[in-house]
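Thank you all for making the time this morning. I would like to walk you through one structure, so please keep the picture in view while I talk.

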Amino acid sequence: MELFTIHNQHAHRYPIVISLPHSGTWIPDNMRQALLPDAILANTDWFLPELYRFLPDAGFTTLANHVNRYVADPNRPTIVAPVGSYQRTTIYQQNTFGHPLYAEPLSLETIQERLKTYYQPYRGALQQLLADKIAAFGHVTLIDLHSFAFYPGQPGINPQDIVLGNAHDQTSSKAFRLQITDVLNQAGFSVSNNYPFRGGDITRHYGQDPRVTALQIELNYRCYIGRRRFGEEELTGYDRPLFIEASRRLSPIKQLLEQIQ
């Protein structure tokens, strides 16, 4: 089982790394057997590698996770002990709706094994890709791609189409954030900046390095999967015309990134 795919690993045409940490759907058999029968692994970043296929096709170095975020979340800091909600732990004990996944808490041994087997390889690969770009160009731009169904804890709010996160202009410049915002606005997307997603650990951790420009892009499910409300569910398909149109509308991101040298 390949844990992730790297496209254009050794290509140094652009100082760009694209990361898709939550797009995987695979889970190991021992986890599947331990899950409660009614456990729902909701809020995966469904179908994003296909949606953004134009980025690796254009030559950008792209890291796409195959492992489900519920196995180990590479967009979190390393937290060994099982604590809190999914937003504050690396190995989830509950799903994103707060419902338990297991009949009994996971053992410390299981948590450590998952960190070693599934978390560290993704973060290690990402670290190496960034280091390779810095060695080649002196700097690198990291784009971390995600999607969402609703604003967490705010079910009554009508969300924007896209949320850009750069820790309030700490992991990238304000000018770069506004450039991306303008491109997306021109494509017809409404954009929220740093609300309610300001960037996960990947954006904030690697963005501390002055040689790294890091930005997270969160896309609303309703823009590319289906024009409906989404609940606690696992998805197996999408509205194909909507999906194709969304990919076309997102493609100007490619032209903007191509200008970075």
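Let me begin with a term: rings of Phe, Tyr and Trp (for Trp, the six-membered ring) count as a pair if their centres lie within 6.5 Å, and planes under 30 degrees apart are called stacked, over 60 edge-to-face, and the rest tilted. By that rule, the structure holds 17 aromatic pairs.

Before the details, a word on the source: this is a predicted model, in which local features need pLDDT of at least 70 and side-chain atom pairs count only at pLDDT 80 or more, while totals for chains, interfaces and linings use all residues. Residues are numbered from 1 along each chain as its sequence is written, and side-chain values use heavy atoms, with hydrogens and water left out.

One of the pairs is formed by Phe 4 and Tyr 122, whose ring centres are 6.2 Å apart and whose planes meet at 85°, so the pair is edge-to-face. It links distant parts of the chain, since Phe 4 belongs to strand S1 (residues 4-7) and Tyr 122 to helix H4, 118 residues apart; helices here are DSSP runs of H or I with at least four residues, strands are runs of E with at least two, and both are numbered from the N terminus. Tyr 122 has 0% relative accessibility and therefore counts as buried, where buried means under 20% relative accessible area, exposed means over 50%, and partly exposed lies in between, using a 1.4 Å probe and protein chains only.

Another pair is that of Tyr 151 and Phe 197, with ring centres 6.3 Å apart and planes at 85°, so this pair is edge-to-face as well. Both Tyr 151 and Phe 197 are buried. There is also an aromatic cluster, made up of Trp 46, Phe 47, Tyr 221, Tyr 224, Phe 230, Tyr 238 and Phe 243.

What does Ala 64, in strand S3, touch? Setting aside neighbours within four places in sequence, Ala 64 is in contact (heavy atoms within 4.5 Å) with Phe 4, Thr 5, Leu 20 and Tyr 122. Ala 64 has a relative accessible area of 7% and is therefore buried, and its C-alpha lies 4.7 Å from that of Leu 20, although the two are 44 residues apart in sequence.

Turning to helix H4, its 30 residues at 1.5 Å a residue should span 44 Å (the expected span is 1.5 Å times one less than the number of residues), and the end C-alpha atoms are 41 Å apart, which agrees. H4 nevertheless bends by about 40° at Tyr 119, with Pro 121 following within four residues; the bend is the angle between axes fitted to the seven residues ending there and the seven starting there. Just after H4, Gly 138 takes a positive phi of about 90°.

Finally, some backbone details. Most residues other than glycine have a negative phi, and most peptide bonds are trans. Asn 8, however, has a phi near 55°, a positive value in a residue other than glycine, and sits in the loop between S1 and strand S2 (16-20). His 168 likewise has a positive phi of about 55°, and its place is in the loop between S5 and H5. A cis peptide bond, with omega about 0°, joins Tyr 195 and Pro 196, and Pro 196 lies in the loop between S6 and H6.
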